[in-house]
Amino acid sequence: MRYEGIIGKGFSRWSEGEYSPGQLDAFSDFENSFLLMSGAYRSGKSELGARGAIRHAMFFPNAKVGVFRAHLASLRKSTLLSVLELLHPSWMKSWSNTYLQGELLNGSTLSFIGADHSDRLGSIELTYAFIDEAAEVNEESLGMIQGRLSGSLSLPTNWDSLPENIQEYTQKTLDIRQVLLACNPKSTNHYLYKRFISEPQPGHVVYTSNSISNPNLPMVYLVNNLSAYVRPGTTREWVISQVNAIRNGEADPDGMHLKDHLTPFGQRNLLGLWVAMEGAIYDLDEAVHTVDAAPENWGPPVAYWAGVDHGFHNPRIAVFAEHQTMIGGELLSHYVFVEGWHQKDA
């Protein structure tokens, strides 16, 4: 596929689109090296990553930007298009369909690379990296990308005439090398959750975006999606009122006040939260996902049973002990959880 005709087709998003609160927070971080943009579906994560990559390439001469996704085929069909659509043709010096690399007039390059084979990432040098759908990239490949951020930077020669916000950006990030990762939340067992949230490493910061506060999405999209994830008993009128409250600035744009009204899937897919999903085969409250019952009145185990919960993100093997007793002339069985292993433990 040739991509020259894609360049600039979505430039109106750059010139006319609005930022969500989460996007603005991440885009204004000039101190940290590793920025995780964790968000819901259609919350602007990839768009922000594309803008970040372009901003770095435009205002740092001879910058070397790498744009990654786990699989090259997916990169070609999505992330590559998002970046090229935002690039105005007048900024470009050349584009190679063979190498998937563009050069800007200031000598900066934008290279699009699949990250599924970590051993192929060792011969590049970067000054900035954008990793789309970062949860799909394995930890070894992420380490290889981070290890490529050794390129040198210098302020643009026209720095004094640049807008004040660009002066601030280039001056404050001159001596750091940033990686922006964008992804939908996964399991709390994922390495990104540990690295950025539960046990954050130095310079690792997470920013959360949600689709409800994305001003570039139509109202009908938000109402329909919120309606699909609310708990039983909620009316459409209530859903519309909540979307309007956030859109009109009457409620916190992070949407956390809606958390208890949403299923676990809604908390993840709409609010962008990293919530435990293991065992959520049925849409039950967390408190009743597992019921512990003391087997004092039951006999000793008569059998042990093993089963596999394939789940959605973290398959689990579980072992249960079967106890039996007679009640009202009927032999009843009671099953007690003994032990389990997640995929990550195997």
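These exercises work through a predicted model of one protein chain.

**Exercise 1. The chain as a whole**

Task: State how many helices and strands the chain has, and what share of its residues counts as buried.

Solution.
- Start with secondary structure. The chain has eleven helices and eleven strands.
- Turn to burial. The chain has 346 residues, and 46% of them count as buried.
- Add the surface. The accessible surface is about 17500 Å². Carbon and sulfur atoms account for 51% of that area.
- Finish with sequence range. Take the contacts between residues at least 6 apart in sequence; 67% of these join residues at least 24 apart.

**Exercise 2. Helix α3 against helix α5**

Task: Describe how α3 and α5 cross, and list the residues that make the contact.

Solution.
- Locate the helices. α3 covers residues 45–59 and α5 covers residues 79–86.
- Take distance and angle. The two axes come within 9 Å and cross at roughly 55°.
- Classify the angle. Roughly parallel requires under 35 degrees and roughly perpendicular requires 65 to 115, so the remaining class here is oblique. α3 is therefore oblique to α5.
- Give the hand. The crossing of α3 past α5 is right-handed.
- List the contact. α3 contributes Glu-47, Ala-50, Arg-51 and Ile-54. α5 contributes Ser-82, Val-83 and Leu-86.
- Sort by character. The contact of α3 with α5 holds four nonpolar residues, one polar and two charged.

**Exercise 3. Burial of α5**

Task: Decide whether α5 is largely enclosed or not enclosed by the rest of the structure.

Solution.
- Name the buried residues. In α5 they are Thr-79, Leu-80, Ser-82, Val-83, Leu-84 and Leu-86.
- Set them against the helix. Six of the eight residues of α5 are buried, so the rest of the structure largely encloses this helix.
- Link back to the packing. Ser-82, Val-83 and Leu-86 are buried, and these residues of α5 also take part in the contact with α3.

**Exercise 4. Helix α9 against helix α10**

Task: Repeat the packing analysis for α9 and α10.

Solution.
- Locate the helices. α9 spans residues 219–229, and α10 spans residues 236–247.
- Take distance and angle. The axes lie 9 Å apart, at an angle of about 130°.
- Classify. Roughly antiparallel would need an angle over 145 degrees. α9 and α10 are therefore oblique to each other.
- Give the hand. α9 passes α10 in a right-handed crossing.
- List the contact. From α9 come Met-219, Leu-222, Val-223, Asn-224, Leu-226 and Ser-227. They meet Arg-236, Val-239, Ile-240, Gln-242, Val-243, Asn-244 and Arg-247 of α10.
- Sort by character. The contact of α9 with α10 has seven nonpolar, four polar and two charged residues.

**Exercise 5. Helix α8 and its cover**

Task: Find the buried residues of α8 and what covers them.

Solution.
- Read the burial. In α8 (residues 191–198), Tyr-191, Leu-192, Tyr-193, Arg-195 and Phe-196 are buried.
- Find the cover. It includes strands β1 (34–39), β7 (179–183) and β8 (204–209), and helix α6 (139–146).

**Exercise 6. Two serines in strands**

Task: Place Ser-94 and Ser-209, and say whether each is buried or partly exposed.

Solution.
- Place Ser-94. Strand β3 (residues 92–96) contains Ser-94.
- Class Ser-94. Its relative accessibility is 36%, so Ser-94 is partly exposed.
- Find its partners. Beyond four places in sequence, Ser-94 touches Gln-101, Gly-102 and Glu-103.
- Check a distant residue. Glu-4 is 90 residues from Ser-94 in sequence, with 9.5 Å between their C-alpha atoms.
- Place Ser-209. This residue lies in β8.
- Class Ser-209. A relative accessible area of 1% makes Ser-209 buried.
- Find its partners. Beyond four places in sequence, Ser-209 touches Met-37, Ser-38, Gly-39, Ala-40, Ser-43, Lys-45, Leu-271 and Gly-272.

**Exercise 7. Positive phi in loops**

Task: Place Asn-62 and Glu-133, and say how accessible each is.

Solution.
- Take Asn-62. Its phi is positive, about 60°, although Asn-62 is not a glycine.
- Place it. Asn-62 sits in the loop between α3 and β2 (64–69).
- Class it. Asn-62 is partly exposed, at 45% relative accessible area.
- Take Glu-133. Its phi is positive too, about 45°, and Glu-133 is not a glycine.
- Place it. Glu-133 sits in the loop between β6 (128–131) and α6.
- Class it. Glu-133 is buried, at 18% relative accessible area.

Technical notes: Residues numbered from 1 in each chain as written. Predicted model: local features only at pLDDT ≥ 70, side-chain atom pairs only at ≥ 80, totals over all residues. Heavy atoms only, no water. Axes fitted to C-alpha atoms, helices over the stretch in contact; angles between N-to-C directions. Helix = DSSP H or I, 4+ residues; strand = E, 2+ residues; numbered from the N terminus. Left-handed = near helix turned anticlockwise from the far one by under 90°. Contact = heavy atoms within 4.5 Å. Nonpolar A, V, L, I, M, F, W, Y, C, P; charged D, E, K, R; others polar. Buried < 20%, exposed > 50% of the residue type's maximum accessible area, 1.4 Å probe, protein only. Areas by Shrake-Rupley, 256 points an atom, 1.4 Å probe, with all protein chains shown as cover.
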